[in-house]
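Here's a walk through a protein model, taken one piece at a time. Keep the 3D view open and follow along.

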Amino acid sequence: DRNQTLNIFERYHPEYVIHLAANVGGLYKNMKYKVEMFRDNIRINENVLEACHTYNVQKGIFCLTSCMYPTEPSVNDNGELFPMNSSSKTIHSGPPHFSNEGYAYAKRMLEMQCRNYNEQYGYKEFSEIMKKIKSYKYKENCIKLINELYPFKNTNELQLKTLFAII
């Protein structure tokens with residue numbers, strides 16, 4: 001919900017955001033509720049990005065998914081097959097598997113939204129990461145990801161005065 005998202009940002013004024021929120025559910029849910037998976041995830045992503053912009057969050061990490069990649073492997077400029085990175089060239093080089101269409105396209109749009117926010121508003125630190133988070137253990141896996149990043153909070157590698165995760 002847009003207003004709830006804005007209210008959370010108003011309350012905490014985060015400096016940095018790790019965006020892990022998503023409507024997830026695995027293969028059966030992705031196949032049965034393609035419209036909802038696309039619509040809900042587009043809204044979630046835009047709510048978070050709008051709130052980041054409204055509350056002047058300068059750095060954000062936005063989690064993508066492996067199911068957004070094309071079903072047919074492609075070869076990159078280095079001759080590597082199907083590189084799993086967040087390069088827009090790789091992500092958008094073909095359609096995802098039909099069983100994940102709604103969710104996969106919403107995650108692809110998150111990559112594009114981050115790129116557009118960076119370009120239009122001059123953010124340099126909105127980046128995407130590709131992390132396999134199994135939907136049946138979504139919260140547990142999100143917590144693991146945060147725990148992987150937390151040790152860097154006081155280092156030059158990842159300076160986090162405020163670690164703010166939306167789960």
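Tyrosine 117 and tyrosine 121 sit four residues apart in helix 5 (residues 101-121), so about one helical turn separates them. Helices here are DSSP runs of H or I with at least four residues, strands are runs of E with at least two, and both are numbered from the N terminus. This is a predicted model, in which local features need pLDDT of at least 70, side-chain atom pairs count only at pLDDT 80 or more, and totals for chains, interfaces and linings use all residues. Residues are numbered from 1 along each chain as its sequence is written, and side-chain values use heavy atoms, with hydrogens and water left out.

Back to those tyrosines. Searching the whole structure turns up two aromatic pairs. In one of them, the ring centres of tyrosine 117 and tyrosine 121 are 5.5 Å apart and the planes meet at 45°, so this pair is tilted. For the record, rings of Phe, Tyr and Trp (its six-membered ring) pair if their centres lie within 6.5 Å; planes under 30 degrees apart are stacked, over 60 edge-to-face, and the rest tilted. How do the two partners fare for exposure? Tyrosine 117 is buried at 13% relative accessibility, while tyrosine 121 is partly exposed at 39%. Buried means under 20% relative accessible area, exposed means over 50%, and partly exposed is in between (1.4 Å probe, protein chains only).

Stay on helix 5 for the charged side chains. Arginine 115 makes a salt bridge with glutamate 111, with the closest N and O atoms 2.9 Å apart. A salt bridge here is a side-chain nitrogen of Lys or Arg within 4 Å of a carboxyl oxygen of Asp or Glu. These two are also four residues apart in helix 5, so about one helical turn lies between them. Glutamate 111 is buried at just 3% relative accessibility, whereas arginine 115 is partly exposed at 34%.

How many salt bridges does the rule give? The count comes to four. Another of them is between lysine 34 and glutamate 101, at 3.8 Å from N to O. Lysine 34 belongs to helix 3 (residues 34-54) and glutamate 101 to helix 5, so this pair ties together parts that are 67 residues apart in sequence. Both ends are partly exposed: lysine 34 has 28% relative accessibility and glutamate 101 has 34%. Then there is the salt bridge of aspartate 40 with arginine 39, whose closest N and O atoms are 3.3 Å apart. Aspartate 40 is partly exposed at 23%, and so is arginine 39 at 32%.

Now follow helix 3 from end to end. With 21 residues, helix 3 spans 30 Å from its first C-alpha to its last, close to the 30 Å expected at 1.5 Å a residue; that expected span is 1.5 Å times one less than the number of residues. Among its buried residues are Met37, Asn41, Asn45 and Leu49. After helix 3 comes asparagine 56, in the loop leading to strand 2. Asparagine 56 has a positive phi of about 60° although it is not a glycine, and it is exposed, at 51% relative accessibility.

Histidine 13 also has a positive phi, near 45°, and is another residue other than glycine. Look for histidine 13 in the loop between helix 1 (2-12) and strand 1, where it is partly exposed at 44%.

Strand 1 (residues 16-19) has Tyr16 and Ile18 pointing one way and Val17 and His19 the other, and all are buried. Strand 1 runs parallel to strand 2 (residues 59-64), and four bridges join them; two strands pair if DSSP finds at least two bridges between them. Valine 17 has glycine 60 in strand 2 as its bridge partner.

Out on the surface, Leu27, Met31 and Phe98 make a nonpolar patch of about 310 Å². Patches use residues with over 30% relative accessible area and no salt bridge, joining like charges within 9 Å and nonpolar side chains (Val, Leu, Ile, Met, Phe, Trp, Tyr) within 5 Å; areas come from the Shrake-Rupley method with a 1.4 Å probe, and for residues only the protein chains shown count as cover. Methionine 31 lies in helix 2 (residues 26-32) and is partly exposed at 42%.

Finally, zoom out. The chain has six helices and four strands, in the order α-β-α-α-β-α-α-β-α-β from the N terminus on. Of its 167 residues, 40% are buried.
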